[in-house]
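Dear colleague,

I am passing on the structure we spoke about, together with some notes on a few of its side chains. Please look through it alongside the text below.

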Amino acid sequence: MLKAHKDGLVKVTARAVDGSGAQGSRLFLIKGQSGGNLALNKTATAQYSHSATENLPAAAVDGRADGASRWSGKWGDQWFQVDLGQAQPINRVTINWENAYSSAYELSVSTNGEQWTPVYTQAKGAGGIETADFDAVSARYVRLHSTKSATSYGISIWEFEVYYAPSVSATAED
């Protein structure tokens, strides 16, 4: 049996029967599970959008990575950011790029939206789905600063996801 809790604790009960019919069970507590995509349906803004009426920043945090919605910016240097609503620990960003992607970018974080701290730099982005792992930091705002478009179409993101994925530890209880 597997039971997940919002506090990042997962309880797993393992039961076994050996060849003689003897039975046993053990409860395992697993700590450090991620709370899911912290950017989902949060406020997203961008320095530029390709259009004033479609492919707006909110489309990159709506949870629809199925090709139905995306944010698209211009070609060249620009930023996209999400407001997580409050400062919280994060250590992973996943970007699901449309075919127009950034081949060079920096991820920065802020607790106030004014002072930014770089946490990850990509100099040879390949597009597709890119995951950036970095040391855990407290952040309310997460910003992608694109410094180089890989195509002549600018950049476009299907989904921008932010996570806190702490290290996992497990203990057994009798």
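With which side chain does the side chain of Asp-133 make a polar contact? Please bear in mind, before going further, that this is a predicted model. The partner is Arg-92, whose side chain meets the side chain of Asp-133 in a polar contact of 2.5 Å. The pair also qualifies as a salt bridge, again at 2.5 Å from N to O. Because Asp-133 belongs to strand 9 and Arg-92 to strand 6, this salt bridge ties together parts that are 41 residues apart in sequence. As for exposure, Asp-133 is partly exposed, with a relative accessible area of 46%, and Arg-92 is likewise partly exposed, with a value of 30%.

The surroundings of Asp-133 fit that picture. Strand 9 covers residues 129–149, and, leaving aside residues up to four places away in sequence, Asp-133 touches Asn-91, Arg-92 and Tyr-120. Val-93 lies 40 residues from Asp-133 in sequence, yet the two are 6.7 Å apart in space when taken from C-alpha to C-alpha.

How many salt bridges does a search of the whole structure find? The search returns two, one of them being the pair of Asp-133 and Arg-92 already described. Asp-83 also forms a salt bridge, with Arg-140, and here the closest N and O atoms are 2.8 Å apart. This pair links distant parts of the chain, since Asp-83 sits in strand 6 (residues 78–97) and Arg-140 in strand 9, 57 residues apart. Is Asp-83 buried or exposed? With a relative accessibility of 16%, Asp-83 counts as buried, because the cut-off for that class is under 20%, whereas Arg-140 is partly exposed, with a relative accessible area of 27%.

A separate site that I would point out is Asn-37, which is found in the loop between strand 3 (23–31) and strand 4 (43–46). At 19% relative accessibility, Asn-37 counts as buried. Which backbone nitrogens does the side chain of Asn-37 approach? A polar atom of that side chain lies 2.9 Å from the backbone nitrogen of Ala-39, and the side chain of Asn-37 also reaches the backbone nitrogen of Val-162, at 3.1 Å. With residues up to four places away in sequence left out, Asn-37 touches Phe-160, Glu-161, Val-162 and Tyr-163, so that Val-162 appears both among these contacts and as a polar partner through its backbone nitrogen.

With best regards

Methods. Residues are numbered from 1 along each chain as its sequence is written. This is a predicted model: local features need pLDDT of at least 70, side-chain atom pairs count only at pLDDT 80 or more; totals for chains, interfaces and linings use all residues. Side-chain values use heavy atoms; hydrogens and water are left out. Helices (H or I, at least four residues) and strands (E, at least two) are DSSP runs, numbered from the N terminus. Buried means under 20% relative accessible area, exposed over 50%, partly exposed in between (1.4 Å probe, protein chains only). Contact means heavy atoms within 4.5 Å. A polar contact is a pair of N or O atoms within 3.5 Å; within protein, one must be able to donate a hydrogen and the other to accept it, and residues adjacent in sequence count only if both atoms are side-chain atoms. A salt bridge is a side-chain nitrogen of Lys or Arg within 4 Å of a carboxyl oxygen of Asp or Glu.
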